[in-house]
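How does one justify the words used to describe a protein model? The questions after the structure take a few such words in turn and ask what stands behind each of them.

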Amino acid sequence: MTENECLAQRKKNVVFVTVEYSAFLLSDEKEGRKSFSAVQVERQGQAERSVLMSCPPKINEKKFLKYFSRHGDIKKYFFYERNGLYAVVEFAKRECVESLLEATKIPCLSNEFPMPFKSRLLSLSHYGSAASPNQQSGQQCQPQTTIPIDQLIDRLSRKESIDQQVTSLMETYQLTDDNSRLRFLVCSLLQDIAAAYFPECTIKLFGSSVNGFGKLGCDLDMFLDLDDISGRRTKKQESGLFLEYQLKTVSTERVVTQRILSFLGECLDQFGPGCNGVQKILNAHCPLVRFFHHPSGFQCDLTANNRVAMKTTELLYLYGELDPRVRHLVFIVRCWARVHGITSSISGAWITNFSLTIMVLFFLQRRNPPIIPCLDHLKDLAGPMDNSMIEGNDCTFVSDLSKIQLQRNTETLDQLLHEFFEFYSAFAFSKMSIDIRKGKEQIKPVKNHLHIQNPFDSSLNISKNVNAAQLERFVALCQESTWLLEQTKTNTPSGKGGSASTPWGLATLLQPTNVAEIKSNRKRRVGLTSDRIKGLIESLKNGTHTNTLR
């Protein structure tokens, strides 16, 4: 598939940026948007009806479909490249998958002995003569990773407006429908392994993979949910006979989590097809198993009973669904932050993507009028089915998007981006805390350099890891980016789709070295301006002295 064809395919899943957003708020689409839980159920159902397989490098697509159609109707299929050709096939019914697996064989190897563990990760081979010369030489493969930053800058530089640049950024970086399906399928494959030892358990995705803010190549965050297993009694038995399972017990719930994850980590390491580099990080604040899923290319983190994280994911999804500017602005800011080293894939003193997303949401709450409501308002709109108490924290908020009435705000994305940088250039980080529950600045309860309140536990600071140097760097980059966008207002794009174009707008913001260079230039300009002002003051003094002598 050519680059233009890939972009055309992605456009089907992108809400295009427009200058006027009030039409979106009044459109019928608002009523048709799905709740977070509805989307998850739909995706999980698709995954359970799907298989993942490696394929020969050259395969006839008609023969491919004919072979799998023997087991039932195919609802969706796609190919992708990941050190070889892979395919995902979704059937119309789960019975079709069972039929396919019944016909699948365990490989016979001459010098190796396979672990006889059956899963929905398969290998497709063909016997007999090689592919004929006129046979299709390759499949249309959807990209599963982002393009290099220099290619993105070149692509953005050719656009004629910042709105077009934002649209191009979203088309290039956001998760595609196929990539989302692949993520849920990998999660489902792992659930098959866990359910062999913990029947009725589920493994659920959370974080960027499902909150609407994930980009191609982001990590796969999952948690093992054991709370919905049947047989849990919430009330004490008063009288009569009853049965209970005999279970081993330990001193704390944390020990339970550690032992379960340790066991599953061992299973993945020894028996999980495609699971490589398994690490059991059990003494972390939130114990986890980390591994690389080779067929999909995803870096995976598996935790247990992380229900607060799931509610946070749902909250971010809801905010992203309320107005397209929310996701667009988050994408821009997170991409900008990664280019300039404000965020990082490794732990440390950097601002996390989650903290940065909360900062964007808070900024949008502080607009006049607000673009999105505060969390307390979403709680006031909640119904009885929305009530949620997790580990003593009130995680209640409305899930029905149609109940949320937004105020009319028609600011454009280029305005909001400029205002975002200006807002945090002047924010009183030394005194104030960011709080999306209230939608207003709060006095900092502790002396952390950056204080962002956890949406569901106000006693926690989700950015306590950020040190003074990183915060100062963030503020400095916001100041420089404000200046860069001001220059964009006076500079017109020169590329207009040509073969070469000078970076402008978002492309200028995303140049890794440009901000530092401009910062140095600005210091020189400030110095020159100061010298001129000093000279003017001296001239005035001299003039006043001369007039006095006269």
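What follows is a set of questions and answers about a predicted model.

Q: How many helices and strands does the protein chain have?
A: In this predicted model, the protein chain has 18 helices and 15 strands.

Q: What makes strand 9 count as mostly covered?
A: A residue is called buried when its relative accessible area is under 20%, and in strand 9, which spans residues 298-304, six of the seven residues are buried, so the description follows from that limit. For the protein chain as a whole, buried residues make up 48% of the 550 residues.

Q: Why are strand 6 and strand 9 called paired, and in which direction do they run?
A: Pairing needs at least two bridges between two strands; strand 6 (residues 220-225) is joined to strand 9 by five bridges, and therefore the two count as paired. They run parallel, and one of the bridges links leucine 220 to its partner in strand 9, cysteine 300.

Q: How do you know that strand 8 and strand 9 are also paired?
A: The requirement is again at least two bridges, and five bridges join strand 8 (residues 288-293) to strand 9, so the pair qualifies, this time with the strands running antiparallel. Within this pairing, valine 289 has leucine 302 of strand 9 as its bridge partner. Strand 8 and strand 9 also form a hairpin with four residues between them, and in its turn glycine 297 has a positive phi of about 85°.

Q: Which strand is joined to strand 8 by five bridges besides strand 9?
A: That strand is strand 7, which runs antiparallel to strand 8; here asparagine 276 stands opposite phenylalanine 292 of strand 8.

Q: In what order do the five strands of the open sheet lie, and why do strand 5 and strand 7 stand at the edges?
A: The order is 5-6-9-8-7, and the pairing is mixed. Strand 5 (202-206) and strand 7 (275-281) each have a single partner strand, so one side of each is left without a neighbour in the sheet, and these two stand at the edges. From one strand to the next, the twist averages 25°.

Q: Which helix lies across strand 5 and strand 6?
A: Helix 11, made of residues 307-322, lies across these two strands and runs at about 45° to strand 5.

Q: What share of the contacts between residues at least 6 apart in sequence join residues at least 24 apart?
A: Among such contacts in the protein chain, the share is 70%.

Key: Residues are numbered from 1 along each chain as its sequence is written. This is a predicted model: local features need pLDDT of at least 70, side-chain atom pairs count only at pLDDT 80 or more; totals for chains, interfaces and linings use all residues. Side-chain values use heavy atoms; hydrogens and water are left out. Buried means under 20% relative accessible area, exposed over 50%, partly exposed in between (1.4 Å probe, protein chains only). Contact means heavy atoms within 4.5 Å. Axes are lines fitted to C-alpha atoms, for helices over the stretch in contact, and angles run from 0 to 180 degrees between N-to-C directions.
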